[in-house]
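Biologist: I'd like to learn how to read a protein model without getting lost. Could you walk me through this one?

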Amino acid sequence: GHCRLLCKPSALAQHLVRSLGRSAALRGGRWPWPRWPQLQMLWQLLQPPEPEPVVARELLQLPDAGLVALDWLVGPWGAAGGGGGVSSPVLLLIPNAAGKVTAGLLQLGLRALERGFIPVIFNRRGHNGCPLTTPRLQPFGDPGDLREAVTYLRCRHPSASLLAVSEGSGSGLLLAYLGESGSSSRLVAAACLSPIFRGRDWFEAGMPWLYEWPLLLHLKQGLSRYAGALAEVVDMDRLLGSRSLRELEETLFCRTRSRPTSWESYWERNEPLRDADEAAVPVLCLCSADDPVRGPPARSLPTELFRSSPFFFLLLSPLGGHCGFPRRGTGCCWAHEAVLEYFRAMGEFLRTEERRKGLPRPR
């Protein structure tokens, strides 16, 4: 399908080339309008999932009394825990930084459920109906809350492999977590769909209005619910009057009443790849060259990272838009099938290595 896999040569890379090369997801069946990335993006955001998933919500209390929500996908059948057993792999789904759970992310969860995974969506503080019990939201690349959720999932499913996949700007959180945690991440493998690698550059460059304004309105709508509590720490008039995602991010996390900080200092602590050299978990990043949200590949893709790190793999498609990757027929996003094939190949490779070389399984 004209995709390229950019990575450092290794036995794992060779195994992925063979596995993805055999996958039907990367061959043929493209969308009728392949060269309209904006339309692909709109289609991905607005198309409802089929069938409509049933979700069971669980609230996880954090050390500072804040809450995050874990939404377990139990299928369209209404039976709790449908699809997976005690040792079935747990797939943690991370929405974009605005907390928007798109139809594409739900479709990926349903596909995983059909294949025996246990999918669960991670919702940040105040996002997607999660109550905001403290006047604090999660910065772009602060993995503290995600770490607590991963620890809980490991305790709840101690014998299961733990996997994670993120969508769009939510990849900044997953990449930051993998870098900060290193070999203690508790994950076996991870994947990022249309990730944003350079957070500060992304906010400063701006995005197409077709993407930025809906996300901006989505964020303002959620924040307005907690105007009373947040008024203690931020200027709500300025926040709700923001005309760009950068202005909103800067008002929310830099221009606070108690601990104001500079835009430069904020990104020193929140750049997704600030600790990328410490990552010790295989990460597949699926990107398209025509992504209108991430920006041109020459300035938005860290190709040197994929050439030098044995843990980062870039599957680059010439077409696909932002989180779109459309195709005709059942399962309208071929990237979902590629991600699930990648996780299957990773499990196969790790089992083979354990048997042949006695390597310890990542913990």
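**Getting our bearings**

Modeller: Let's start with the chain as a whole: of its 363 residues, 56% are buried. Keep in mind that this is a predicted model.

Biologist: Which helices and strands should I look for, and how many are there?

Modeller: The protein chain has 14 helices and nine strands. As for its surface, about 15,400 Å² is exposed, with carbon and sulfur atoms supplying 53% of that.

Biologist: What share of the contacts joins residues 24 or more positions apart?

Modeller: Take the contacts with a separation of 6 or more: 76% of them are between residues at least that 24 positions apart.

**The sheet**

Biologist: In what order do the strands of the sheet run?

Modeller: Follow E1-E9-E8-E7-E6-E4-E5-E3-E2, an open sheet of nine strands with mixed pairing. E1 (4-6) and E2 (54-61) are the edge strands; each has a single partner, so one side of each has no neighbour in the sheet. On average, neighbouring strands are turned by 20 degrees against each other, direction ignored.

Biologist: Can we zoom in on one pair of strands?

Modeller: Sure. Strand E4 (residues 90-94) pairs with strand E5 (residues 118-123) in the parallel sense, over four bridges. One residue to click on is Leu 92, whose bridge partner in E5 is Val 120.

Biologist: Which strands does helix H5 touch?

Modeller: Helix H5 (residues 171-181) packs on the sheet and touches E4, E5, E6 (162-167), E7 (189-193), E8 (283-288) and E9 (312-317). The direction of H5 makes about 150 degrees with that of E7. Helix H14 (residues 334-357) packs on the sheet as well, touching E4, E6, E7, E8 and E9, and its direction makes about 165 degrees with that of E7.

Biologist: Is there a residue in H14 worth a look? Buried or exposed, what is His 336?

Modeller: His 336 sits in helix H14. The cut-off for buried is under 20% relative accessible area, and His 336 is at 6%, so it counts as buried. Beyond its neighbours within four places in sequence, His 336 is in contact with Gly 104, Gln 107, Leu 108 and Leu 193.

**Charged pairs**

Biologist: What's the idea behind a salt bridge?

Modeller: Side chains of opposite charge can pair when their charged atoms come close. In this structure the count comes to 19 salt bridges. In one of them, the side chains of Glu 180 and Arg 274 meet at 2.8 Å, N to O. That pair links distant parts of the chain, 94 residues apart: Glu 180 is in helix H5, and Arg 274 is in the loop between helix H11 (263-270) and E8. Glu 180 is partly exposed at 39% relative accessible area, and Arg 274 is partly exposed at 24%.

Biologist: Where in the chain are Arg 198 and Glu 304?

Modeller: Arg 198 is in the loop between E7 and helix H6 (199-205), while Glu 304 is in helix H13 (residues 303-308), 106 residues apart. They form a salt bridge whose closest N and O atoms are 3.6 Å apart. Arg 198 is partly exposed at 25% relative accessibility, and so is Glu 304, with 48%.

Biologist: How many residues apart are Arg 344 and Glu 341?

Modeller: Three, about one turn of the helix, with both in H14. The closest N and O atoms of their salt bridge are 2.8 Å apart. Arg 344 is partly exposed at 35%, whereas Glu 341 is buried at 16%. Elsewhere, salt bridges that share partners join Arg 111, Glu 114, Arg 115 and Glu 337 into one network.

**Backbone and surface**

Biologist: Which loop holds Ser 194?

Modeller: Ser 194 lies in the loop between E7 and H6. Its phi is positive, about 50 degrees, although Ser 194 is not a glycine. Ser 194 is buried, with a relative accessible area of 0%. Arg 186, in the loop between H5 and E7, also has a positive phi, near 70 degrees. Arg 186 is partly exposed at 32% relative accessibility.

Biologist: And which residues make the nonpolar surface patch?

Modeller: Trp 209, Trp 213 and Leu 217 make a patch of about 390 Å². Trp 213 belongs to helix H7 (residues 209-224) and is partly exposed, with a relative accessible area of 36%.

How values were computed:
Residues numbered from 1 in each chain as written. Predicted model: local features only at pLDDT ≥ 70, side-chain atom pairs only at ≥ 80, totals over all residues. Heavy atoms only, no water. Pairing = 2+ DSSP bridges. Helix = DSSP H or I, 4+ residues; strand = E, 2+ residues; numbered from the N terminus. Axes fitted to C-alpha atoms, helices over the stretch in contact; angles between N-to-C directions. Contact = heavy atoms within 4.5 Å. Patch = residues over 30% accessible without salt bridge, like charges linked within 9 Å, V, L, I, M, F, W, Y side chains within 5 Å. Areas by Shrake-Rupley, 256 points an atom, 1.4 Å probe, with all protein chains shown as cover. Salt bridge = Lys/Arg side-chain N within 4 Å of Asp/Glu carboxyl O. Buried < 20%, exposed > 50% of the residue type's maximum accessible area, 1.4 Å probe, protein only.
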